[in-house]
Amino acid sequence: MSNNKNYFDTGLAFFTFLIMICSIVTISSAQKYAQYHENFAMQQLIWFILGSIIVAVICFFDFEQISKITPYVYGFGIILLIGILIAPNEIAPMRNGAKSWFVIPGVGSIQPSEYMKIFLIMMIAYVVQKHYEKITITSFQNDVLLILKIAVISMIPILLVLMQNDFGSSLVMVVITMGMIFLSGVDWRIILTFASITITVIAGLVITFIVDSELLLHLFGEYQLERIYSWLDPFGHGKDIGFQLKQSILAMGSGMIEGKGFNGSAVYIPEAHSDFIFSIVGEEYGFLGACFVLSLYFLMIYRFVGIAMFSKNDMYEFYICIGMASLFTFHVFQNAGMVSGLLPITGIPLLLMSYGGSSVLSSMIGIGLVLNISLKKKSSMFSQE
């Protein structure tokens with residue numbers, strides 16, 4: 001018979017710890033460029049300590065309890081997103097063209113959209129689980145019904161975040177939704193239809209941009225269009241909208257294979273401690289250092305998928321792991337791509353590496369959920385049914 005025992009995924013915890021170390025070391029070097037004259041490395045360490053406490057607390061909860069409170073957590077996240085839109089500028093000011101933060105005196109800023117990414121993963125997992133509990137017969141109609149359920153709960157936060165002019169976070173939510181739909185067991189014809197629609201929309205936007213980019217102003221706004229211009233020709237716009245990307249490319253290129261060493265960065269990059277932290281990694285530790293950091297993320301995502309495979313008998317737990325894998329995969333892919341000039345700048349941070357309390361704490365909540373799931377992992381390599 002099978003052998004069930006508690007199992008804490010030390011691999012995932014270890015890779016998370018290594019990324020934390022890399023983050024503090026890199027931020028301590030990058031903060032010399034910051035215009036705020038704060039000790040961001042120390043603040044990041046505090047966020048990591050708080051995040052670790054949150055992980056420990058989450059691991060004490062039974063997942064049935066977590067599943068029951070999921071709709072309430074999701075609803076709370078929606079309320080926060082609506083609150084951002086209606087709050088006065090003193091409480092929710094515009095930053096970098098987006099109104100996405102609550103500013104709390106004496107505490108700092110809170111970005112609800114970062115937490116909403118985790119809440120959305122939980123809610124989609126909850127909806128999929130409840131759907132298959134009620135509908136046990138697989139059919140095209142039932143699959144369409146499931147897609148509609150997922151679409152409704154996803155579009156609400158996506159639209160609210162878009163109204164905040166936070167295109168990056170809304171894009172992450174779209175990718176999370178698509179990734180979880182792809183693995184939700186629906187008919188492949190539906191997935192193919194969605195893929196075709198997505199490709200058509202992207203192609204239409206590209207053609208529109210080429211023919212008359214001004215038409216996209218109504219959809220994305222001037223700030224987002226400037227990001228596209230700076231991506232297409234960073235050196236041509238190197239004195240204004242393309243300055244940050246141009247500096248990032250120069251910094252990463254100057255790092256070459258082995259880098260300049262700790263605190264050896266010499267190319268000025270605005271907000272280097274935040275979204276462009278990977279540029280500092282490339283400059284100070286070179287190609288080898290960048291590969292090492294990316295490898296840590298690959299191993300972390302590998303553990304997410306591995307835990308998901310061992311939890312596939314529980315759909316709620318399985319889809320939370322898959323959602324976290326989708327979240328981290330896209331964040332790493334997009335952030336590394338944008339700082340190196342391969343992808344447009346979207347303001348998406350490198351999770352756990354970039355400075356930011358909301359980003360760190362929300363990531364740690366997600367990791368805590370996955371580690372909680374790993375505690376029930378079944379060890380059956382040498383067992384017999």
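## A predicted helical protein, residue by residue

His131 lies in helix H4, which covers residues 112–134, and it offers a useful starting point for reading this structure, which is a predicted model. With a relative accessibility of 2%, His131 counts as buried, because buried means under 20% relative accessible area. When its neighbours within four places in sequence are left aside, His131 is in contact with Asn142, Leu145, Leu146 and Lys149.

Turning to the protein as a whole, the chain holds 13 helices and 4 strands. Of its 385 residues, 50% count as buried. Among the contacts with a separation of 6 or more, 70% are between residues 24 or more positions apart. The protein exposes about 18,500 Å², and carbon and sulfur atoms supply 69% of that area.

Helix H10 can be checked with simple arithmetic. Its 13 residues, 243–255, should span 18 Å at 1.5 Å a residue, and because its end C-alpha atoms are 19 Å apart, the model agrees with that expectation. Within H10, the buried residues are Leu245, Lys246, Gln247, Ser248, Ala251 and Gly255. Met256 follows H10 and has a positive phi, near 50°.

Positive phi values are also found at two loop residues, Asn263 and Leu352, although Asn263 is not a glycine and neither is Leu352. Asn263 sits in the loop between H10 and helix H11, the latter covering 277–310, whereas Leu352 sits in the loop between helix H12 (315–339) and helix H13 (357–374). The table sets out their values, with the label that each relative accessibility receives.

| Residue | Phi | Relative accessibility |
|---|---|---|
| Asn263 | about 65° | 41%, partly exposed |
| Leu352 | about 75° | 0%, buried |

A further feature lies on the surface, where Met42, Leu45, Ile46, Ile49, Leu50, Ile53, Val57, Phe60 and Phe61 make a nonpolar patch of about 880 Å². One of these residues, Val57, is found in helix H2, which covers residues 40–60. Since its relative accessibility is 43%, Val57 counts as partly exposed, a label used for values between the 20% limit for buried and the 50% limit for exposed.

Set side by side, two helix residues show how the labels work in this model: His131 in H4 is buried at 2%, while Val57 in H2 is partly exposed at 43%.

Notes
Residues are numbered from 1 along each chain as its sequence is written. This is a predicted model: local features need pLDDT of at least 70, side-chain atom pairs count only at pLDDT 80 or more; totals for chains, interfaces and linings use all residues. Side-chain values use heavy atoms; hydrogens and water are left out. The expected span of a helix is 1.5 Å times one less than its number of residues. Buried means under 20% relative accessible area, exposed over 50%, partly exposed in between (1.4 Å probe, protein chains only). Contact means heavy atoms within 4.5 Å. Patches are made of residues with over 30% relative accessible area and no salt bridge: like charges are joined within 9 Å, nonpolar side chains (Val, Leu, Ile, Met, Phe, Trp, Tyr) within 5 Å. Accessible areas come from the Shrake-Rupley method with a 1.4 Å probe; for residues, only the protein chains shown count as cover. A salt bridge is a side-chain nitrogen of Lys or Arg within 4 Å of a carboxyl oxygen of Asp or Glu.
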